[in-house]
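Biologist: Pick one helix and take me through it slowly, please. After that, work outwards until I can see how the rest is put together.

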2 protein chains.
Amino acid sequence: MENTYVIGIDLGGTNTELGLVRNDGHIVARHNLSTTDYSAFPTFADDMVKAAGELCAAGDPDTGWRGTVNDLRGIGIGAPNADPNTGSMVEPPNLKQFKGVSNFVEEFRRCGVTVPMAVDNDANAAALGEMVYGGAKGMKHFIMITLGTGVGSGIVVDGKLVHGSTGTAGELGHNILIPNGRPCSCGRNGCLETYTSARGIVKTYIEVRREMGPPKELFPGWIPPSTTDAEIHSITVGMAASAGDPLALETFRRVGYWLGIACANAVTFSAPECIFLMGGPTKVGDPLLKPLRQSFEDHLLNIYAGSCRIEMSHLKTNEVAILGAAALVS
Amino acid sequence: MENTYVIGIDLGGTNTELGLVRNDGHIVARHNLSTTDYSAFPTFADDMVKAAGELCAAGDPDTGWRGTVNDLRGIGIGAPNADPNTGSMVEPPNLKQFKGVSNFVEEFRRCGVTVPMAVDNDANAAALGEMVYGGAKGMKHFIMITLGTGVGSGIVVDGKLVHGSTGTAGELGHNILIPNGRPCSCGRNGCLETYTSARGIVKTYIEVRREMGPPKELFPGWIPPSTTDAEIHSITVGMAASAGDPLALETFRRVGYWLGIACANAVTFSAPECIFLMGGPTKVGDPLLKPLRQSFEDHLLNIYAGSCRIEMSHLKTNEVAILGAAALVS
């Protein structure tokens, strides 16, 4: 089979990364742009297309392929608040410089790009990346949940991403887990995100410390009692859990418990065969995964027993965003 | 366009009703079998096929059409615990006489039926009925929620029922609405069903009466204070609400509040353009619908504002089950 190439673009609040991706999932080369350097979207689009052109011109040393952007199979873009129907992003909350609607397809066409393009949010892109290049190959029904600053999700039903009537379906981070629970940045209360995002983990650690008091002894890696609430970071809590800090372990036990309920609820919707997890807070591993899987089993409706497993994404952390974007046009 | 006909069969714990349905959604004729008369599934299947044959032989007086079961476009069956993949029902909880797996397709084939057949649970059938004959015509994304003894749901994504990897997706009645909440018949706690089914309404009325005490004055239709907990029925609560009984109104206010959260959560999944409701407890109308719509708006994530409405099923109560079953093969 002849090799084909796509450009995957991962647009983030700080950095935007482009990758030239071969059809076997190998990222041939990357290029980084500083998102914050741009105050207007058209200039940003100019530079993305230029960078894509340079990646194509340099080509794939393994196969000898070289070309222009219009020799690609397509360009896929993962971006916050993406509207897949129009190929744009709409008022992205962490990219205040790009006001209103920023249309990738229109701007890239203006820059001479004629090949297929697809735009979607990062969690949806990650789900497709898992399906095309990762652990969900051949699966018809699965869900990807991304834990980070927020909680995102991509839902695949019958082998296709669920976009719904608005194009923005699959926001499980804003499923209300506990009515009248913790306040959420969305203005409502009790969203899954407030319990299982990086910020949710910090909140939970602070709650746990208030309830249990600081540990009696202090071992390497544990969070010292002198650490103020404001100094707690989800990464620190993760490292402390790995070091056996009982407060951090209790924190992840609760986070796993909540996420297990959310996963069990998701199964009543689409009966996926797997729920994949990715993102910083999942890297802690067993301190999260063990209570999560236990809670999932405990809360799963009996007719689904044994039908759905919970797994970490099979893609590498530093590749998933680009592979996900690439998968949008694969 | 020439008329075509299907038989829709609604298999219930007490009665099983067959209907001859014309492609314009008109139920030409019906036949009723008493489900409890049968102790073995093959005999039951014999009689269903026989009844279907008689309906076809009598035909449609409006058009002059007559035929045999094999002149039909198909036979659709709505049944509890249906497995659409195998065309069977599995250990239906209210039909203890039919143990193990009862395969409709195999039994009907044995009886000489050669036309297409489809089997699904009643809520999924109702959703398809709404799509083919009711208010969801032309919709690609919608959800049907059925309130009754339990709470069922049928979810349509991209114009197709979501069956998931198990064939049994779409059980929103067992979405955990309140972790560690009311005990559910499924053995878990806090399922939507425990708050919004007929039994949930009764439980809520009893709670409300305990909290608020009986009404000071008693008007016609209100539930007298002498009524014991065991005598409360969801229909009585509905009638009392229509008569202005403050306890019954408060009951439906709470039920609507809970169902509104569940509907808002469902939107984060598939972003439907409409959520349809059907079933006995919904007949009370405004006392349920007003607080439900208010709670739905209050709990809907802002990106979905205005994108999804809540409506009663457009199908007649006494037609929906047969039309739904018919729609499975339409």
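Modeller: A quick definition to begin with: helices are DSSP runs of H or I with at least four residues, strands are runs of E with at least two, and both are numbered from the N terminus. For the length check, the expected span of a helix is 1.5 Å times one less than its number of residues. Keep in mind that this is a predicted model, where local features need pLDDT of at least 70, side-chain atom pairs count only at pLDDT 80 or more, and totals for chains, interfaces and linings use all residues. Residues are numbered from 1 along each chain as its sequence is written, while chains are lettered from A and ligands numbered from 1 in the order in which they are written.

Let's take helix α5 of chain B, residues 198-212. Its 15 residues reach 21 Å from first C-alpha to last, close to the 21 Å expected at 1.5 Å a residue. Just past its end, B:Gly213 has a positive phi of about 75°.

Which residues of α5(B) are buried? I call a residue buried if 20 or more other C-beta atoms, placed from the backbone, lie within 10 Å of its own, exposed if there are 12 or fewer, and partly exposed in between. On that count the buried ones are B:Ala198, B:Arg199, B:Gly200, B:Ile201, B:Val202, B:Thr204, B:Tyr205, B:Val208 and B:Arg209. An α-helix has 3.6 residues a turn, so residues three or four places apart point the same way. The cover over the buried residues of α5(B) includes α4 (193-196), α6 (234-242) and α7 (246-270) of chain B.

Follow α7, and you arrive at the other chain: α7(B) gives the most to the side of chain B that touches chain A, with 6 residues. In total, 38 residues of chain B are in contact with 37 of chain A, contact meaning that C-beta atoms placed from the backbone lie within 7 Å. Sorted by class, the chain B side has 17 nonpolar, 15 polar and 6 charged residues. Here Ala, Val, Leu, Ile, Met, Phe, Trp, Tyr, Cys and Pro count as nonpolar, Asp, Glu, Lys and Arg as charged, and the others, Gly among them, as polar.

How are the two chains related? Chain B lies on chain A with an RMSD of 0.1 Å after a turn of 180° and a shift of 0.0 Å along the axis, which is the relation of a two-fold axis. That fit is by least squares on the C-alpha atoms of residues with pLDDT of at least 70 in both copies. In chain B, B:Ile178 comes closest to the rotation axis, at 3.1 Å for its C-alpha. The copies meet through the same surface, because 97% of the interface residues of chain B are also interface residues in chain A.

Now for the domains, using chain A. Domain 1 covers 5-131 + 319-327 and domain 2 covers 139-312, with bounds from an automatic or database domain assignment. Their C-alpha centres are 29 Å apart, and 13 residues of domain 1 contact 13 of domain 2. On the domain 1 side, helix α3 (residues 122-133) of chain A gives the most, with 8 residues. That side divides into 7 nonpolar, 3 polar and 3 charged residues.

Back in chain B, α3 is also one of the elements that the buried residues of α9(B) pack against, along with β1 (5-11), β2 (15-22), β3 (27-34), β4 (74-78) and β12 (274-278). All of α9(B), residues 320-327, is buried, 8 of 8, so this helix is largely enclosed by the rest of the structure.

Another buried spot is B:Leu55, with 22 C-beta neighbours inside 10 Å. B:Leu55 sits in helix α1 (residues 41-58) of chain B. Beyond four places in sequence, B:Leu55 touches B:Ile7, B:Leu18, B:Leu20, B:Ala29 and B:His31.

Last, a loop oddity. Most residues other than glycine have a negative phi. A:Asn180, though, has a positive phi of about 60°. A:Asn180 lies in the loop between β11 (160-161) and α4 (193-196) of chain A, and is exposed, with 11 other C-beta atoms within 10 Å.

Technical notes: Contact = placed C-beta atoms within 7 Å.
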